[in-house]
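Good morning, everyone. Today we take a walk through the open and enclosed spaces of one protein. Please look at the screen.

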Amino acid sequence: MLKGRHLLDPTDFSPGELEEIFDFADQIIQSPAQFNHLCDSNLLATLFYEPSTRTRFSFEAAMLRLGGNVVGFSEPGSSSVAKGESIADTIRTVACYADIIVMRHPKEGAPRIASQYSLVPIINAGDGGHLHPTQTLTDLLTIRSVRKTLSGLTIGCCGDLKFGRTVHSLIKAASRYAGNRFVLVSPKELRVPDYVTADLTARGVVYQEVERLDEVIGGLDILYMTRVQKERFFNEDDYVRLKDVYILDAAKMRLAREDMIVMHPLPRVGEIAYEVDDDPRAYYFKQAKIGMYVRMALIAKLLGVS
Ligand code: NCD
């Protein structure tokens with residue numbers, strides 16, 4: 001039963017519950033017009049304490065396409081947050097008006113705090129360098145659509161694996177499916193946090209950490225590229241030194257398998273050359289579109305209208 005639940009961590013829902021969301025998203029993709037009025041009387045609030053394009057727009061587009069309405073802020077400076085209001089009080093208030101709340105925050109764990117004060121579902125739309133569960137729903141549904149399975153895959157994650165919350169989320173969720181293995185490609189300074197690898201080790205999930213993409217790209221089913229997360233660096237020099245370590249270009253794509261797919265949560269800032277966009281294996285814009293449909297399915301399930 002998904003009605004009324006929060007989504008704070010990608011493993012809050014069982015694989016069976018995720019499947020329910022994915023199956024419904026597939027139905028929406030097949031005939032979106034059929035669901036135009038599903039949320040006619042519902043209101044979604046978007047509380048974005050950090051910049052966003054895809055996540056906020058896709059949530060808003062998702063709710064509007066379900067016939068619902070949207071309120072919110074994308075600039076906390078324009079709300080009472082600027083007067084020093086606490087998350088608890090903001091949430092207690094917004095939950096009086098809205099049926100479901102989407103929250104992005106620079107502090108890890110902020111959406112969990114919010115959930116403790118909310119009578120309506122809270123969706124974590126990214127908390128600091130921690131997790132990004134709805135990006136993970138997007139990523140898993142993209143993989144499922146292309147590969148027809150979520151198991152037995154070799155998933156390469158490349159770039160800023162230290163601060164990249166989409167990667168932490170994807171690894172956490174995808175490692176629950178049998179036979180998936182991970183190839184983690186990053187400079188030493190940007191390796192995944194120890195808690196991520198400790199969890200994989202504890203559950204017997206196979207992974208390797210490497211520094212060169214060209215040496216491993218040929219063995220991957222999925223290549224998940226990420227940008228270096230400038231806003232989470234403590235100093236500019238480190239960012240400048242590390243930002244262009246990986247650039248996926250046509251030459252590297254020639255080393256990859258014909259059926260590998262390239263994913264990226266976006267925005268990209270140079271780590272995938274534009275020449276790769278025309279490669280049929282480039283899936284990042286299709287992935288962004290799937291993100292809207294999976295959010296439609298998620299909203300409907302948490303509101304209990306489907
Ligand atoms: C990601 C994020 O915000 O973590 N963007 C997104 O939601 N699609 C990735 C990023 O900003 O690099």
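Let me start with a term. Helices here are DSSP runs of H or I, at least four residues long, numbered from the N terminus. Keep that in mind, because I will call helices by number, and the numbering starts at the N terminus. One more thing before we go. This is a predicted model.

Let's take the second largest pocket. It holds about 210 Å³ of space. Which elements give two or more residues to its lining? They are strand 1 (43-48), strand 2 (69-73) and helix 3 (87-97). Helix 3 gives the most, with four residues. The lining has 14 residues in total, and those nearest the centre are Phe73, Thr90, Thr93, Val94 and Tyr97. By class, this lining has eight nonpolar, five polar and one charged residues.

Now the largest pocket. About 370 Å³ of space lies in it. It is lined by 21 residues, and Arg104, Arg165, Arg227, Leu266 and Pro267 are the closest to its centre. How does this lining divide by class, and how many residues are charged? Four are nonpolar, 10 are polar and seven are charged. Helix 2 and helix 6 (165-174) each supply at least two residues of the lining. Domains matter here too. Domain 1 (15-132 + 290-303) and domain 2 (133-287) each give at least three residues to the lining of the largest pocket.

Next, the ligand. Which residues surround it? The list is Thr55, Arg104, His132, Gln135, Arg165, Thr166, Arg227, Gln229, Pro265, Leu266 and Pro267. Let me pick out three contacts. Arginine 104 has a polar side-chain atom 3.1 Å from an oxygen atom of the ligand. Arginine 227 also places a polar side-chain atom by a ligand oxygen atom, at 2.7 Å. Leucine 266 uses its backbone instead: an N or O atom there lies 3.0 Å from a nitrogen atom of the ligand. How much of the ligand is buried? Taken alone, the ligand exposes 320 Å², and the protein buries 94% of that.

Stay with leucine 266 for a moment. A cis peptide bond joins leucine 266 and proline 267, with omega at about 5°. Most peptide bonds are trans. Where is proline 267? It lies in the loop between strand 9 (261-263) and helix 10. Remember that both residues are on the list around the ligand.

There is another backbone detail to find. Look at lysine 148, in the loop between helix 5 and strand 5 (154-158). Phi of lysine 148 is near 65°, a positive value in a residue other than glycine. Most residues other than glycine have a negative phi.

Now for the enclosed spaces. How many cavities of 30 Å³ or more are there? The count comes to two. The largest cavity has a volume of about 80 Å³. Its lining has 13 residues, and the closest to its centre are Arg54, Gln135, Thr138, Pro265 and Ala288. Helix 2 (54-65), helix 5 (133-147) and helix 10 (284-303) each supply at least two residues of that lining. Helix 10 has the largest share, five residues. By class, the lining has four nonpolar, seven polar and two charged residues. Why does this cavity lie between the two domains? Domain 1 and domain 2 both give residues to its lining, so the largest cavity lies between them.

The second largest cavity has a volume of about 40 Å³. Its lining is made of Gly159, Thr226, Val228, Leu242, Lys243, Val245, Tyr246 and Glu271. These divide into four nonpolar, two polar and two charged.

Let me pull a few threads together. Gln135 and Pro265 are among the residues closest to the centre of the largest cavity. Gln135 and Pro265 also appear around the ligand. Arg104 and Arg227 are among the residues closest to the centre of the largest pocket. Arg104 contacts a ligand oxygen atom at 3.1 Å, and Arg227 does so at 2.7 Å. Thank you.

How values were computed: Residues are numbered from 1 along each chain as its sequence is written. This is a predicted model: local features need pLDDT of at least 70, side-chain atom pairs count only at pLDDT 80 or more; totals for chains, interfaces and linings use all residues. Side-chain values use heavy atoms; hydrogens and water are left out. On a 1 Å grid over the protein atoms alone, a cavity is a set of points where a 1.4 Å probe fits but cannot get out, and a pocket is an open set with protein on both sides within 12 Å along at least five of seven lines; lining residues have an atom within 4 Å of a point. Grid points are joined across faces, edges and corners, and a volume is the space filled by probe spheres set on the points. Ala, Val, Leu, Ile, Met, Phe, Trp, Tyr, Cys and Pro count as nonpolar, Asp, Glu, Lys and Arg as charged, and the others, Gly among them, as polar. Domain bounds come from an automatic or database domain assignment. A residue is near a molecule or strand if one of its heavy atoms lies within 4 Å of it. A polar contact is a pair of N or O atoms within 3.5 Å; within protein, one must be able to donate a hydrogen and the other to accept it, and residues adjacent in sequence count only if both atoms are side-chain atoms. Accessible areas come from the Shrake-Rupley method with a 1.4 Å probe; for residues, only the protein chains shown count as cover.
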